[in-house]
2 protein chains.
Amino acid sequence: MILRNLTLLAAALAAAAAAAQTPPKKFAQPANMRELIASSKPTDWRALDPERTLYLDLANGRVVIELAPAFAPRHVANIQKLARAHWYDGLAIVRLQDNFVAQWGDPLNSKPEVGEKRLPAEFTRSAVGLPFTRLKDPDTFANEVGFSDGLPVARTAADGEAWATHCYGMVGVGRDKDPATAIGTELYVVIGHSPRQLDRNTAIVGRVVWGIELLSSLPRGTEDLGFYAPEQRVPIQSIRVATDVPAAERLPLEVMRTDVAAFQKLIELRRNRRDAWYKVPAGRIDVCNVPLPVREHAEHQAEKAEHKAR
Amino acid sequence: MILRNLTLLAAALAAAAAAAQTPPKKFAQPANMRELIASSKPTDWRALDPERTLYLDLANGRVVIELAPAFAPRHVANIQKLARAHWYDGLAIVRLQDNFVAQWGDPLNSKPEVGEKRLPAEFTRSAVGLPFTRLKDPDTFANEVGFSDGLPVARTAADGEAWATHCYGMVGVGRDKDPATAIGTELYVVIGHSPRQLDRNTAIVGRVVWGIELLSSLPRGTEDLGFYAPEQRVPIQSIRVATDVPAAERLPLEVMRTDVAAFQKLIELRRNRRDAWYKVPAGRIDVCNVPLPVREHAEHQAEKAEHKAR
């Protein structure tokens, strides 16, 4: 069977991690994401800032979320406060709706009130002053789409409104009908086709940059809207701001900058695939289908290898 | 905590099944998908044709695929032949790449050759003669998008080329670089954000209409491109054409017709959500975010209830 090892996809996000483990190579013209990452410069990357990084620890691993204070400063601050009060610890994933979201919170109403009781909506912000690397491709929902500091974003115009778009892995704040009820005690992560109808209806507070498979592969909830029955709930060990975690226990990640030439090259490589598998290049790309390369620091890799050798 | 039972999403596909179990209600103006389904007429639905229905049976349940001979007649015929030779039985899910595809095949090259050894590409077809309910919303990738007999589709023009689009749940044929190697021995299902770059590069042979959560919640593969290590593979009990399964063991499903007014109403209800949770209606919809309502026959529901009562 010649199809045994067929490679349906040219490049996977996993390639980023793999690339970090091998010596950088130079490619005159990278043919795919793996080669592009291998030939990137250190300045094409930025380390995650521990103060705006959350660790969601589950029994089987860690989900890493990069927070987005540029879009929801008060919500992000409240989430940091809740994490620092250990408010999320011992709560549970309470919902997994297929092709939609994973969601967690306090279903038993067991936790004391910490932090804000109500917050003004932070569903959009002014586009003025927001870094914006525009994607030239047309978008079904917004006038303009692009990237801002690692996030997929949309805006009405350069002097209009801007918001983060609901792509795979984006983290938003659950709420009741009243927008002020969105305070960060209930958070969701997109685990399916981008539900762009949520754009401008919730506060996006960040993006999962590592370990989303720990959420996306959870069993689907059997209750209405994919909520778990109580016995299905998946315990959360803790949610911490990375700053508060001892350095040795942190996961030192870096992500590709979205304002560098390498990222533009990546977009073009994904817009028009150049490997021989593709017969018809798409010629276009969806803002939600541009991957954000993430890898462990090269230094950390070296440390781990040394530790192993001891 | 007022957020305990927040309902992030207005209507879920699960509602379709629920609605089938309750007497139809009439709504002058359905406010959401659930009400629309509850007030739909029997003629808004069509039963799956068992001859173009595949049952993929796993240890923990059944995935139902509606085949699409209008788009890939020779591939569909070969898949039916393979199923009838019990060729897929005992094979395995071999790949689960997060936010991309679940895929199965014969990794050990254990099966005898059955059916076609090569097939001409069926990646697009003529748009002429193809039923097409057009979606008015702009699409990033194609001139025109819409629906044809339950499938999301795109076309260049009414007299141009047409193809099924890679939305969540769509089933395609894996292949090597040579398009003729796509014969149906290796199949994949989209389980993430629509990889529209695959459009016109593979043969779409159908769509999962039931049980996709059995695939989408599988553990992610740890090998390159999300392939499973051998010990991770998930056994396939059998793949059958529904016609070949005793009537009592069939799952009698019906799907909403995509050429009826009720479906147009559904699209509009999803384009501009009318429940109070939404503050800003999207005003647009993505062809890959229009749900296809699926439910068990009302008759079957009644039979099951009677059976239970006995």
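**Exercise 1. Find which residue of E5(A) is the bridge partner of Gln97(A), and work out how the strands around E5(A) pair.**

Step 1. Look in E5(A): the bridge partner of Gln97(A) is Val101(A). Strands here are DSSP runs (E, at least two residues), numbered from the N terminus. A quick note before we go on: this is a predicted model, where local features need pLDDT of at least 70 and side-chain atom pairs count only at pLDDT 80 or more, while totals for chains, interfaces and linings use all residues. Residues are numbered from 1 along each chain as its sequence is written, with chains lettered from A and ligands numbered from 1 in the order in which they are written.

Step 2. Now zoom out to the whole strands. E4 (residues 92-97) and E5 of chain A run antiparallel, joined by 5 bridges. Two strands count as a pair if DSSP finds at least two bridges between them.

Step 3. Check the link: E4(A) and E5(A) make a hairpin with 3 residues between them. In the turn, Asn99(A) has a positive phi of about 60°.

Step 4. Try another partner strand. E12 (residues 187-190) of chain A pairs with E5(A) over 4 bridges, again in the antiparallel sense. Here the bridge partner of Val101(A) is Val190(A).

**Exercise 2. Is strand E5 (residues 101-105) of chain A mostly covered or mostly open?**

Step 1. Count: 5 of its 5 residues are buried, so the strand is mostly covered (buried means 20 or more other C-beta atoms within 10 Å of the residue's own, exposed means 12 or fewer, partly exposed is in between, with C-beta atoms placed from the backbone).

Step 2. Sort by direction. Val101(A), Gln103(A) and Gly105(A) point one way from E5(A), and Ala102(A) and Trp104(A) point the other way. All of them are buried.

**Exercise 3. Which strands are at the edges of the open sheet E1-E16-E17 in chain B?**

Step 1. Write down the order: 3 strands, E1-E16-E17 (chain B), with antiparallel pairing.

Step 2. Pick out the ends. E1 (45-47) and E17 (294-296) of chain B are the edge strands, as each pairs on one side only.

Step 3. Zoom in on one pair: E1(B) and E16 (residues 253-256) of chain B pair over 3 bridges in the antiparallel sense. Trp45(B) stands opposite Met256(B) in E16(B).
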